[in-house]
Each structure stands twice: as structure tokens, then as C-alpha cells.
4 protein chains.
Amino acid sequence: MKMKPVEILLLLLCLNVAVFGVIGNPPTCPADIDSKCGDSGEWEGEFFPGIPKIKYEGPTSKNPLAFKWYNADEEILGKKMKDWLRFSVAFWHTFRGTGGDPFGAPTKNWPWEDGTNSVAMAKRRMRANFEFINKLGVDRWCFHDRDIAPDGKTIEESNSNLDEVVALAKELQGTKIRPLWGTAQLFVHPRYMHGGATSPELHVYAYAAAQVKKAMEVTHYLGGENYVFWGGREGYQSLLNTDMGRELDHMGRFLQGAVAYKKKIGFNGTLLIEPKPQEPTKHQYDWDAATTANFLRKYGLIGEFKLNIECNHATLSGHSCHHDLETARLDGLLGNIDANTGDPQTGWDTDQFLTDIGEATLVMLSVVRNGGLAPGGFNFDAKLRRESTDVEDLFIAHILGMDTLARGLRNVAKIIEDGSLAELVRKRYQSFDTEIGAQIEAGKADFEFLEKKAIEWGEPKVPSAKQELAEMIFQSAL
Amino acid sequence: MKMKPVEILLLLLCLNVAVFGVIGNPPTCPADIDSKCGDSGEWEGEFFPGIPKIKYEGPTSKNPLAFKWYNADEEILGKKMKDWLRFSVAFWHTFRGTGGDPFGAPTKNWPWEDGTNSVAMAKRRMRANFEFINKLGVDRWCFHDRDIAPDGKTIEESNSNLDEVVALAKELQGTKIRPLWGTAQLFVHPRYMHGGATSPELHVYAYAAAQVKKAMEVTHYLGGENYVFWGGREGYQSLLNTDMGRELDHMGRFLQGAVAYKKKIGFNGTLLIEPKPQEPTKHQYDWDAATTANFLRKYGLIGEFKLNIECNHATLSGHSCHHDLETARLDGLLGNIDANTGDPQTGWDTDQFLTDIGEATLVMLSVVRNGGLAPGGFNFDAKLRRESTDVEDLFIAHILGMDTLARGLRNVAKIIEDGSLAELVRKRYQSFDTEIGAQIEAGKADFEFLEKKAIEWGEPKVPSAKQELAEMIFQSAL
Amino acid sequence: MKMKPVEILLLLLCLNVAVFGVIGNPPTCPADIDSKCGDSGEWEGEFFPGIPKIKYEGPTSKNPLAFKWYNADEEILGKKMKDWLRFSVAFWHTFRGTGGDPFGAPTKNWPWEDGTNSVAMAKRRMRANFEFINKLGVDRWCFHDRDIAPDGKTIEESNSNLDEVVALAKELQGTKIRPLWGTAQLFVHPRYMHGGATSPELHVYAYAAAQVKKAMEVTHYLGGENYVFWGGREGYQSLLNTDMGRELDHMGRFLQGAVAYKKKIGFNGTLLIEPKPQEPTKHQYDWDAATTANFLRKYGLIGEFKLNIECNHATLSGHSCHHDLETARLDGLLGNIDANTGDPQTGWDTDQFLTDIGEATLVMLSVVRNGGLAPGGFNFDAKLRRESTDVEDLFIAHILGMDTLARGLRNVAKIIEDGSLAELVRKRYQSFDTEIGAQIEAGKADFEFLEKKAIEWGEPKVPSAKQELAEMIFQSAL
Amino acid sequence: MKMKPVEILLLLLCLNVAVFGVIGNPPTCPADIDSKCGDSGEWEGEFFPGIPKIKYEGPTSKNPLAFKWYNADEEILGKKMKDWLRFSVAFWHTFRGTGGDPFGAPTKNWPWEDGTNSVAMAKRRMRANFEFINKLGVDRWCFHDRDIAPDGKTIEESNSNLDEVVALAKELQGTKIRPLWGTAQLFVHPRYMHGGATSPELHVYAYAAAQVKKAMEVTHYLGGENYVFWGGREGYQSLLNTDMGRELDHMGRFLQGAVAYKKKIGFNGTLLIEPKPQEPTKHQYDWDAATTANFLRKYGLIGEFKLNIECNHATLSGHSCHHDLETARLDGLLGNIDANTGDPQTGWDTDQFLTDIGEATLVMLSVVRNGGLAPGGFNFDAKLRRESTDVEDLFIAHILGMDTLARGLRNVAKIIEDGSLAELVRKRYQSFDTEIGAQIEAGKADFEFLEKKAIEWGEPKVPSAKQELAEMIFQSAL
């Protein structure tokens, strides 16, 4: 039995959507939600009627729907908080997250959903998105192509669906809101089961190229500031049936093609790669920051891409989030952060909102050292827990995530103003702030010279690393 | 918007089923598969037409559709291989596995599926199941209630659906085939999102009890040899919002209720608990064999249950599979094995077919020491990789899994016949095979006596543990 | 070549001690530290001359040698901080930690050490210990027998060494200071390489019993409040050469012997077992709280022991520290806490001082729910990093660890006073605070009754788990 | 108190050596082992008197002191087994491994050891090494400078000690035996506690350069085929007190210096870096193959170094050993293998001898694809378990490790001769063996062309990955 395109369409909808009503020809405003629809069939009034515009009320507030630490226009370390943080809402988690997991059906039952994956539904969802963004008070959003508009039977139909939704998004963006980044979702459809750019099937490679091409165009059209590659299934399940060398070469060619196309269409945003070590594959090629940097160097792409570091991906690869941020930063590659966190005892990507104040402070330390992230920012690649099913939970979670990073930023300001942590580090390395130190750092001290000096100097004195003192200073800023 | 029961029904189907055709009123034999359907609308002929009855051809065979090591009636260590191994096919993985994962849509496209979750489809699938079992040459199968028959709008309707499918299963079982075990699936439906027996909602607790009651009846009716509890969502995502003590007490009461009901209906099969450390929750209450044994002791259930040890669960909890098998065995609790394996570098349950010969040999060592598993056996709680999409892959995977355990059993026979490993162990402990050793082991040697002896004996001689020699002996049997 | 006892003695010293001076007949006050020794050969003056008595200066203090959060006599939640926290200094880490690791030699160079493991050195070290304790302002200490006094050629000599040092310790304790607990160190000496109570060698089993007997006597003599069993090598490296069942039975007998001896000598302190999953062995028998509880139940020891939970051990076993504390608490077994932390990315026991405020708050939540830990307390089973080599680092680390837990306690007070977290949890379970809920909890609701109710009630309503809100409330207390 | 050089010397000896006798002026042949010493004070006769030259006896042999699979001169896949495998004995594990671990004193009691770290002892140990190598029948050994000769009070004295021992080694090597590689041990001495090349102390950097310089000279003098850098402590414990960027720059300069010096002295061996993710530090800079490749590219060292992949390090970094070998191979960097294995449930480096046949087959698959490893080879960076204390255990362990890899090689030959696995892989990628495939692989297919094609081709057909079949084929070769 061969699957027909419409079947694939229906099949896809199952992954992300609860099938509430009759499937076939859903009205713009389906029977179930009639009371919220006007004569035009369009949803009327607010999507989040009980939720006010979120305001800053300061640390003593007990109001779950207020910021306690994030005060957008307050200046910290010479910049407004909103300019350090450049928050973005992730469309897929917030508006396409259904609560489904490998062992369970969807749990979310958002009032605006009619159970279809139609273009009309996509447009209603987009309106909800912008109301959410506006109420939350952020200026950016991120999207996957297939999550904002339904797949069609053909590439042309998919593109046309996308165009229709994107036109609405452009209108709703207004003058202030822009995509932090867009991307192509190359992992849900079964055609991508072996990867996109690294699929052993040439037709899939071409299909992936066509999809990325369109997603880049759309991101450009919407004024997106960056474009992201997350290699959803670029990796392997088993080396026994995989030609890893050939797949990596294909991936190199694919990204070279993306660079060429970016230039052709005049897109000036940053191209970003998002490392992840595992899941869904056993081994994702963009394992971590260093692995990805090695790939970029090998394939002549090092000046063309930056990295989008996700905290939960960093920890799954065995590093602290701070480590992978610093690794990216020192290679000149820190471009964006997917702000989330994992569970320290859990071996998969839980994509939780970051709530750890110490962690947030370390993240912001890297950001401040990097002089900020612009044109990148913080994308909330974080989802409500499956069991959190109230509409207000969407706001509570984002407020918590924003406040945590804002609190981290405030802590960094305290650490910098206090100065003692930087001084402790400076002192540790001061023996290199000397003439011979400079020679070594300039590559002018050969082994013979160094041996002579070592003999002359005798047994080195090696002072305490003062790690506990450093931890004490750090903690006192929290 | 409230969800109507039919919506829930449809919603559920999305988790496990590819939606191929028009949804609404699927014919018994839908348009897409017309050619295989007769006038009655029933599927005609074989489901696996190209696949022969699988035969034993011995180790030199290159035929992927033949056994190389499993020879059902061959005697090993005094029993037929089939009596040591008591293989069972897991209905859910083999017939409801769709290839969906958290990042991707279903990939399997089995010819007998019509994209619905109807009773008619359930029955056709059941016929496929028994053809599969018969061709594979095993005598047992395992099932979840909701996977063999569709959920209804009410408990009564669900029960009635189940009864209809179970009646067919009973007929198809014939005289030889029986369920190794049945179970209730208490984790897919959103009502169970906080757990079943440990849900904070009393109504859910009652619903779970009703479902387990029925599943026990059905298992009994089909001649099932055991009944399993896998606490799909009995655990927590966060301790902050959880009353763990109260939840554990509820779980204790629930299992006490199951024991009482088992006795009431005269079901003589073994009740089994299947430990798993994590996933879908951050912490599952039945973490591992020892944790579950502690629970059983605490709640007065120690004589009433045995354990169903799953290798992939054991390794996720930080133990080798062999360790958890031995822990269960030494506590008198080894009742059944879910035969699969994980990926040593992967932090989630991959449910792969076991292919590691050394691992299989250790597993069989525990089984032989246990005198076999009966009335338990080996259930293939293992699934095809998402990217394996040929019908024949279902057979290849099961043949590989069966051959691997058969090879393990043959190796154990070699180890036992050789005797040198057992002798090495015996010698290590021989100082306790003495009069004072016996006193100690009988609890008759107090600290004062032992101190006196220790002073008398002086510095103990402590010989080599000979671990490398033990490994050498073990390897030479592989 | 047979090793002579004196050789063993010297050999042992190498593990823990830097060999500074001439080895053989070290003077009470060796040449190298002459200037600090009076005519008597005894160390004169302070061991920590630059360090004042540590005082509480409040959160704004920048003084590394002051408490910012721990104010011993301040009342929190109805008790003095010191009575909630009952801090103890671990002799072995603080005074026998050398900075040696598997890849490196000792790095600590404490001025009072003369490089020997003599009784004289042991006594000088004990004086340093009590000066440290007094300056830090705690009332408790913990010790291993072989770390406070040198091993002798025979049990009698070892005991006599121990007696001599313990007599001094008793004098130095004065009226206020007592051991939180003592223990026998059964893992350093090669005789214990296969374990103590679980060694396959009967003579080792007896030796271990003799050593524990003496350590219990000495703990009792010093007024110790508890006695701890940490099964340093009670476990296995490989199951291939191990009779796990026999070893566990021996361990059961051994602990039964300890209980009997405790009663015989009238020691009223609590016996504690300290779970640890791995290291030095691949598998330690006391894996985690639940495993140990299962063991205690199986061997009839459940009323006789409590648990000493170590945070770093909990996380190595795959649990959060809070989880294992709650598991112990709910089983009535929470007796003591080894206060430390691990590195979330590191697979071995790093024994770091706890500095994470969120973690400390969760730890204190368990302690407060337990009504405190007395007669147990918090033992700092934490060590300076190898690279921290200043004497003041010992103080800084302890102050940081004490302040972190004190801060945790203050946060718990805020959470309890605020009340909204408890209220959120209470509400989640309120459906059980009903008549039928009470019936279920009393074990009076059988499956038939529950089925009847479930049918009557129809589809359950399942509210949001509000996890993000719970996290928000929790974070706002930090 | 300042440490005197002699104290450091003594201190160091404690890490690796059991202190048996009187320390001070050990005679060449100490009192304890008098009976084995002649008038010259030199050890007479064999070190391993009961051990024959190890011979190949074939798979049916039960003799622990014979090879069952390794037949040095047998040809497999066109080369002698010894030329594929190029085995090397690691001096440090085999002759300096004491059985000490973080919780325990040394356990090995080799008859030739006198408890000192003297030059005389070093020379006797070297004789034992060569007898061992000869009896085992291998042609290579590997060494750390400080493990073959004692540290002196000054660089000059250390160098002079080294020269004396090396002269003997050269003589004992004869015409056939050569070092596979040498290295400088920059991690045991406290001066290296913050690293060598990455120490914040300039004097330590110089000291490290002097030590590496000498070790390179010595390796060259002995005819070593490679020189290895294992960055024992090149990494960090905490980022709070670390300037990672500056440290990495220093490491780059250091390795550039090594390259220059290599050329200067005319050493033509390969320089190798050995990746390791963690331990002793929380984060080692040479984390894994990809991280190290990125470093080499960044610092202009990519043509100058290859990698020494250690299986246990690979798995600790989250990869399979096969993955890291393939990663190195595909980057042209596979230079040598440290043949060992870890425990899949253990989070630290256990350095066990490889015994897993499947793993060994995968390792050999990479080696065969690489055309062998020469001038690299297989170094047994593996140690006896602490509890294995018989001299014969040293032989048993090496025989087991050699046989396992030999068995892997034989399996690879079967896989290659069978051909079906390679064919399965070839077929998966055959859509790229076309004109358009070639265009893509040559970088000549831009996104617009690919989009045109994708539209033209329609929905791609995506066949099964046949992973289970691949596993079946693989297993049948074992």
C-alpha cells in the first residue's frame, strides 16, 4: 500500500495535534469553539482573556503574573536589560507543544485549537502567538517552517501554505517584533527518518535543500536576525549500517550551499548551528561546541557560522552549560543561546525552563564577557511539563525563565562591581604578565631556552588555587 | 472547550497509529487495501506471504529467516531450549509500534493497517499477531489491554471492545498458545498523566482499579500465566509538588487490592512488578529490583509478587542486567525477563533486541541458577528501530533476539560442563566451609569470640581474586 | 618475600601522609618544625595562629573568615540554628586529607605534620583538630579509628595506639564537644581488599569484627552519639568471581553481631549505615537508601539501624540528594547527613563542600520535616580541592559549607511561613481528604467497589500539576 | 615549613611504591630479597621463574598461559597478526601499578621490589620488564619518564637518573624491541597540580618544557616510533578560578614548541595526543577526538599530530570506542590505540583489559580500514584489578587482552570475506553513485538546482535502514 500525500499530511498532524473534531473540512471556527467566533468565523476577542500585560513588580511581589527581577528598560552594566537578554518565544514549544511523550497522548487542550492542522488553524494560532508575545513584553519569536504552517502534498503546496501564514505573521509583527531566527524542520516527516542533509537518499538531500531554501527566504522576508540549523536527525543510530565519512561530506556540501544561497538573496543575518549530542539519534554529528567547531574548520565554514548553544544539550554532552558557552565564546562562535535546562539525573533532553540562579549567573557571565549576544539572543527552547495544562502555566513558565536570567544578570553586575573574583583570577596568572611570559605567549620561547630557565629557577612555587574562596565570592553575589 | 469521549478516542489513536485513510467510518477492509479483502470485507490470505515458518538451520546458515542457534526441541542442561526460554512476542511493540518518536511521525506502514483504531482493525491486527507467532514458532504472547482493543467512551464501552477482541484472541490461540502475561496500560491516556494508583486524583485511582480489574479478568480468561504491573507513570516529575509518602501508601493499597482480587477470581498466575528507574517520569517508584523489594516488604506484599526484570531498565538504573537479575533471584523474586538491551551510551530506554553474546550468557546464567523462569519466561519487550520499515525486519529482529539468548544458553552449558569457573568461586569462599565458618553463618559467632580468634590467627592471608582468569574462562565459552 | 608488620605500617602511611622528614624514629617535635617546639618537644602555641574564632557578621560581610548566614544561637522555626544543624568536622578529610589522588602525590603541607604516622604525630594532629573545631565554633567531630591512631603490628598494638590517642581526645573534648559518630576504617589496608564483613576470607571477617568491636567501644567511651557503618569495600568488582548471596548473608550476620555488641556494652547511640552506589568497587551492596532499607528488612535489622545519607552518594546512584533523604525519611530511617556535594558532570565521588543554595534548601526541607536529625547531625564529609593548599582554605571551605546550609534553613523558614507551596501540594491531594479517600487509605475499598464508583463518576477531571508555579514559589524563597 | 627536595622525592615514592624496608640507603639487593641476590648485589635468575614463553595453542586450549587466538606470524587479511596488532606493554601499569586506589593502600607485592624508588631498583625493574616482554612475545613497550627512573632533586639529577636507566633499557632492548612510544609524566608531582603547559605558573610551564624536551630525546635515543602527549592535568577543576582562553593558548604554544624541537633533533616518530574527557580534572582540554582535532586546527598543528585513542576514555566522553576511532580515522588522525576498556556502569577510568569480543571486532574494523596503525600500535594501557595479586595474573591479563584483539581481527576477516555487511552499506548510499550524486559531492549542485529537482522528483522513497539485519550479519561473524 502506498501512502498518498493527504495521508502523510494526516499522519503528521498526529504527532503534534489532538484530533478533536471531524477531520476533513474544518470550518475556520469550529463548532466546539463557536461561542468565541463571530460571523466571519474568526476568533473574536482575546486568546488569553484573564492574563494582563506582564509588568515588573520587584522581588517582593507574590504575583505569579508579574516580573520580580526582569525590568526591561532598567540599565545594568551599561545596557538595558532587554538589550542584554533579547528574549524570544519559541513557537513550537509554546504553540505546538501538545504534551505528548513516548508513553502518552497529548494533554494540552488550548481553547483556540480545533484539532486540525489546517491553514486556518495555523493563522488563528499565529494570532494567539502574537497576543502572547505582546502580553509577555518581548520583541522576538523563533519558528520552524512546518510548525507554523501545514505540510502540503507537494513542495509547492507546502510553500504556498507557508506563504499564507507568513504574510499574516508579517502583518502581526508590526514594527517592533521580529524573528530572532527561523529554521526548517527536517525531522518529523518520515522522509527524514535517516536525516536530511545526511540521508543516504539523494532525493531526500534535494528535498531538504528545497525546504531550507524556502525557510531562509521566509526568515529573510520576516526580517529575521539569524537562521538556525539544528540537525534533527543528522547523525546515526548504528555505525554498522552507516558511512559516516560520506554523510559528513554531504553535510559539509549542504551547509556550503546554504552559505551561497544566503549571500545570493542578500540575507545578512547570522547562520547558526545548534549542537546536540544525542536524541533522537544515538549520535548527532553536531555533538557539542568543539565538535561543531572542528566540523566548521574542516569544511571551510569557520567564518560563516556561529553556534546556538542550548544548556540542556551541553549538559547531555557531559559539559556544564557554562563550559560550552565559554568554548564557543573563545572560538569566536557564541551567537545565540537556547535558554533551558535539563534535569541533572536525567539522560534525555527535558527542555525545562531554567530556574537555577547559580546556573543563570554563569550563563550571563559568558554573555557579558561576549559583549552581549546581538544579533543573537535568548530563545526559550523550553516547554511546559506535560502535566501543566492551564493556559496561565504558559505565562508562569516564561516569567520564571525570564526572571531567572534577569536575576543572573543582576548577579553578574554584583560580581563585576565587587571585582574580587576577577582579581583572584588575574593574580593566578600574573607570572605570565612578565617579559618571559610575553615571550612564551608570542611563541618566542623555545624548549632549549625554557629548559635553561627551568634549571636556573629551580623548583617552582605553586600557590593554592583558592577554589573554595572563589566559590564563596560567587555565592555571595547570589 | 470540553473534550468529548470520541475526541479522546481519536486523540489516543494519534499516539500509536498512522492515519492513512479517511477517518470516520472505516470499512472493515478499507479502500486502500481492497485487493486483499474478500466480499466479507475480511482480509484474505496471509499477512506475511513471503515469510516461511522459521526453521533451525544451524550456525553456518546465512539465511536471515532461519534460526542459527535456537533449536526449540533440542535438550540443553536437561531441558528443551523452548522450556528454558519460554519466548513471548510483545503485542504492543510488534503490532502497535509505529516508529513515532518525540521528534518524528510514524514510519511503519504495515499493509494490514487501515489507519483506524477501530474494533475491526483490532481484530485484523490480532490475526496478524497470531500468524506472526505461529511463523516464528513461539507459544506465548504478551499484551496491554488498550493496545489490543480501542478505548471506548466509557469504561463499559472499553470493556466491551476488549471482550470482543479477546474472544477472537482466545479462538486464535488454539490449544497451544497462551499469554505469558497481560497488563493494563495506565499511561497513554491523559487521565493518567499524574499516574494511576499514585495519581493525586481519587477518581483516577478508581478508574485505574477498574481497568486493572478487567485486565486481570481478561488475562485469566485467556489462560495467562502471569499478570504484570509496570507503573508507567507511578512516580514523580518534581518533589516540589508531590506528596511522595501519600502516593506510595496509595500504591501499596492498590497492589493489596490487586492481590485480593486475584484470589477472588481464582487466578493462579504470578503477579509481577517491572522495575524501571526513570522515563516517562523523572523518578519511577519501582526504580530497580532492590527498591521494589523494599516496597514489597514494607507493604506486606513480599510473598505475593515477583519481579519482571528488563535489561534496559536495569542498565538505566546504573546496574548491569546480570546484577539486577541476581538481586531479584537472591531475594526469591526472579519471575520473568523482559528481553531487550539498551545502548551503553544512551540515557533513555531504547528497547533494542539483545544482540550481545556475553550479556546473553550472563542473563542465561541467572536463569539456569534460578532453575528456569516458569511460569515466567522471556518477553521480547523490544522494538524495531524507527528506520527499519520492512515487514521482514519484524522477523529478522525476533530471530536475532531468540538466537542470541539461545547462544547464551549454549554458552552457559559449556561453562557448567567445564566447571572451572564454579570451582574458582568455590575456592574463594572455602575458608567459610569450616566449623567456624558454619558458626558465623549460623549467627553463633559473637564479636568477642571473633576478636579472640582474630588475635589468635594474626594477620590474615588474602589471596588474589583472579578476576582476569575468571574473565578468560568466561570468554572461552563464548 | 613476606611483608613484616612494620612494613605494612609504613606502607599505610604512604596513602595518607606526606613523608617529609627522616623516617625511622621521629622525635615528638621533628627538626623541621623545631622552632615551634618547646623543650618538651611538644608543639607550642596555636596551630592556626592567623585565624580568629569565626564569628557571625551577617550577609553583607566580605570577610572570608566570618559567617554570613550561620548564627549559631539565632532561633529559626523554633530551634537554634546550631540545634537544627548539629555540625561536625570530619577528622579524616580535614586532618588526614593529603591531596593525593589516583594520578598525583600529596599536595598539602600542613605545618604541624612531620611526615610520620607515629602516635606522637597522631596526638599533635588531634590537638590541631580541637583547635580547629573550637575556632570554627562547632561541638562535634567524626572519626575513623585508623585515621586518628596508627595501625600497629597486631590488633593489640593497634588498640593500644588507639587508646592512647583517644585518651587525649577525651581530655581535649572537654565538656562540650562530642563525637557525632565514630567508625572503623575497613578499606585502606590490603587485608580488606575483598571487603571486611563480605570478604571471602574468614580470617578477615573476624579481623573486621575485632576492629568494629573496638571502634564501638571507643566511640562509646568518648560519648559518641552515633556509630556509622560505611561499607568501604563491601561490594564486588565482578560478579564472575563473586558469590553475592553468601556475601550478603555474611554482611547480615556481621551487622546482627554489631547490634548485639552495642546492647552488651550499653551503647545507646544510633547505628547508621551509609549508602553508596559505587567506588571503590563497581557495585557497593549499600547502593542507596531503598536498597539498604531492603537489606535491613530482609535481615531483621529494620528497627536497629538508621541511614546516614550522603548527597554525593545519592547523586551517584542516580537520585537527587533530596530524593534519597525523603526516601530515608519516609521509611523512618533518616538518621544523619553527610553534607557534601558532587559535580553534576562527574561520575565519581568528589566530596565537595555544598555551595548550591537551592540544593541546600531542599536538604533542609527534609531535615525540618524530619523534626531535625538529633541524635544525628551534619557531618562535613567534604574535602578541600587538591589544589587548595593554604591552611586558611580549611576554614574557608567549612565556613562556606556551614553558611550554605544555614542559608538553606533560612529559606525553608521563608517557605514555611509563606505557606503557598504547602497549600499547592495539599490542594493536589484533596480529593483523598474525603470519605471514600479515607476508605481507600484504610484499605477498605476493594476493586469491585472502585469499579462501581469509576463507572458512576465517568471520565475523571485531571487538573494541572502546576510544577512551574511550584518552582516559582520555591525560587522566590532563595 | 618548606619542603626540601629529598622530601619531595620521598613524598613521590609514596604514591606508587610500597615502602617495605628501611628507607635511606637501600642496597642494590635489599636484605629482604637476599636469597635472590648474588655477590654483586644483583638479582640472579629469572623474575618470572614459573612462567614459560607464551605460545599459541589454539582455541581449544585450556591453558591460561597460552594464546588461543593470537598467532603472531599467522597471516590475516594480507598481513601477519603481529603487524596488524603491534602490541606494546605499558611499563607504568605493569611495573609501577601498586594496586593503590583513592580508598586503599598498595596491594601488589612483587618479589623483585625492595620498597625503594632508587636507581638500582629502577634498573632491576627494567630487567623484569624485558623478561616479561620477551616471555609474552611482543616487540614494543611504552614508558613515562618518571616511572622508569626516579625524580631527582633537580632537573639535572632527574635527567641523570633517567640516562642511567635508559642506557640499560637500550641494552636490554636488543635489536628487536623498541618503544612504541615514550612520554613525560607531568601529573604526579605537586608542582603540576594546576597542569603543566596550562599551569598558571610560568615556572611550571618552563619545567614542563624541560621535562618534555628530555623525554623526547630519550624516546629518540631508544628508537621510539612515536611520542605521546597525555595532558594529565591540562584542564580545570572549576571555571570560576580559571582563565581557559589563556590556558588553551599556552597549550598551543607548548605543542608548537614540541614540534619545533622534534624537528631540531631529527626525531621522525609521530607525535600523538591522547584525548580524555575527565579525571583527574573535572574537564580535560583534550576531551575527545573531535575536540582535540578542533584544537589542532585552531593552533595550526593539524599536520603535526595524530591521536592516541583510548577506548575507556572514548566511552567516558559519551562515545563508543568505535565512534572515536572512526572520528579520528576520518580526520586522518588515527595514530595509535590505548587498548583497554571501561565498565559500562562506571563513571571513571577503570583501565581494564579489553575482553569484549564484539567491541574488539569493531576496534579492529577501524584499524583494518585505516590500513593498520603503523608506526602506531596497540598499547596495553590496562591494569590488573587491585585484587589480582599473583605474578601470573600479569601474564593472564595480557594474554586475555591480546587474544581478544586477535579474535576481533579474525572476526573482521570473516566479515570482509563474507562481504554482505559492506554490500548492505554500499546499497544504502547508491543513489549518490549517480551523476547528480557526483555533482552534489563535488559541490556543484546549488540550492536552486536541488529545489528544481526535488519538485520534479516528488515525494522521495525512503527504504528500511536494515539495522537488525546488519546486527545479525555482524553477530554471525563473532
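**Figure 1. A bridge between strand 8 and strand 10 of chain D.** In this predicted model, Y227(D) has L271(D) as its bridge partner in strand 10 of chain D. The two strands involved are strand 8, residues 226-229, and strand 10, residues 270-273, and they pair in the parallel sense over four bridges. Zoom out a little and you will find both strands in a closed barrel of eight strands in chain D, which runs 5-6-7-8-10-12-13-14 with parallel pairing. Neighbouring strands of this sheet are turned by 30 degrees against each other on average, with direction ignored. As you follow any one strand by eye, remember that side chains in a regular strand alternate between the two faces of the sheet.

**Figure 2. Strand 12 of chain D and the strands on either side of the pairing.** Let us stay in the barrel of chain D and move along to strand 12, which covers residues 305-310. Six of its six residues are buried, so strand 12 of chain D is largely enclosed by the rest of the structure. Strand 10 of chain D is joined to strand 12 of chain D by three bridges, and the two run parallel. Here I273(D) finds its bridge partner in L307(D). Strand 12 of chain D is also joined to strand 13, residues 334-338, by four bridges, again running parallel. L307(D) takes part here too, standing opposite L334(D) in strand 13 of chain D.

**Figure 3. The end of the barrel order in chain B.** Chain B also holds a closed barrel of eight strands, listed as 5-6-7-8-10-12-13-14 and paired in parallel. From one strand to the next, the twist averages 30 degrees. The close-up picks out strand 13 (residues 334-338) and strand 14 (residues 378-380) of chain B, which run parallel and are joined by two bridges. To find your place, look for I337(B), whose bridge partner in strand 14 of chain B is F378(B).

**Figure 4. Helix 7 against helix 8 in chain D.** Helix 7 spans residues 202-221 and helix 8 spans residues 244-265; their axes come within 11 Å and cross at roughly 30 degrees. That angle makes helix 7 of chain D roughly parallel to helix 8 of chain D. The crossing of these two helices is right-handed. On the helix 7 side, the contact uses Y205(D), A209(D), V212(D), K213(D), M216(D), E217(D) and H220(D). They meet H250(D), F254(D), G257(D), A258(D), Y261(D), K262(D) and I265(D) of helix 8 of chain D. When you look at the spacing in such lists, it helps to recall that an α-helix has 3.6 residues a turn, so residues three or four places apart point the same way.

**Figure 5. Helix 4 packed on helix 6 in chain A.** Helix 4 (residues 119-136) and helix 6 (residues 155-173) of chain A pack at an angle of about 25 degrees, with their axes 10 Å apart. This makes helix 4 of chain A roughly parallel to helix 6 of chain A. Helix 4 of chain A passes helix 6 of chain A in a right-handed crossing. From helix 4 of chain A come V119(A), A122(A), K123(A), M126(A), R127(A) and F130(A), while helix 6 of chain A brings N161(A), E164(A), V165(A), L168(A), A169(A) and L172(A).

**Figure 6. G408(A) and L405(D), with their surroundings.** G408(A) sits in helix 13 of chain A, residues 391-418. Is G408(A) buried or exposed? With 26 other C-beta atoms within 10 Å, G408(A) is buried. Leaving aside residues up to four places away in sequence, G408(A) touches I357(A), A360(A), T361(A), V363(A) and M364(A). In chain D, the residue to find is L405(D): along with L405(A) and L405(C), L405(D) touches the most other members of the largest nonpolar core, which has 522 residues. With the same sequence neighbours set aside, L405(D) touches L85(D), A339(D), L354(D), A360(D), V363(D), M364(D) and F378(D).

**Figure 7. Helix 17 at two places in the assembly.** The contact between chain B and chain D takes 33 residues from each of these chains. Helix 12 (357-369), helix 13 (391-418) and helix 17 (467-476) of chain B each supply at least two residues of the side that touches chain D. Helix 17 of chain B gives the most to this side, with seven residues. In chain C, ten of the ten residues of helix 17 (residues 467-476) are buried, so this helix is largely enclosed by the rest of the structure. The buried residues of helix 17 of chain C, among them L469(C), M472(C) and F474(C), pack against helix 13 of chain A together with helix 13 and helix 14 of chain C.

Definitions and conventions: Residues are numbered from 1 along each chain as its sequence is written. Chains are lettered from A and ligands numbered from 1 in the order in which they are written. This is a predicted model: local features need pLDDT of at least 70, side-chain atom pairs count only at pLDDT 80 or more; totals for chains, interfaces and linings use all residues. Two strands pair if DSSP finds at least two bridges between them. Axes are lines fitted to C-alpha atoms, for helices over the stretch in contact, and angles run from 0 to 180 degrees between N-to-C directions. A residue is buried if 20 or more other C-beta atoms lie within 10 Å of its own, exposed if 12 or fewer, and partly exposed in between; C-beta atoms are placed from the backbone. Two residues are in contact if their C-beta atoms, placed from the backbone, lie within 7 Å. A nonpolar core is a set of buried Ala, Val, Leu, Ile, Met, Phe, Trp, Tyr and Cys residues joined through C-beta atoms within 7 Å. Angles under 35 degrees count as roughly parallel, over 145 as roughly antiparallel, 65 to 115 as roughly perpendicular and the rest as oblique. A crossing is left-handed if the near helix is turned anticlockwise from the far one by less than a right angle, and right-handed if clockwise.
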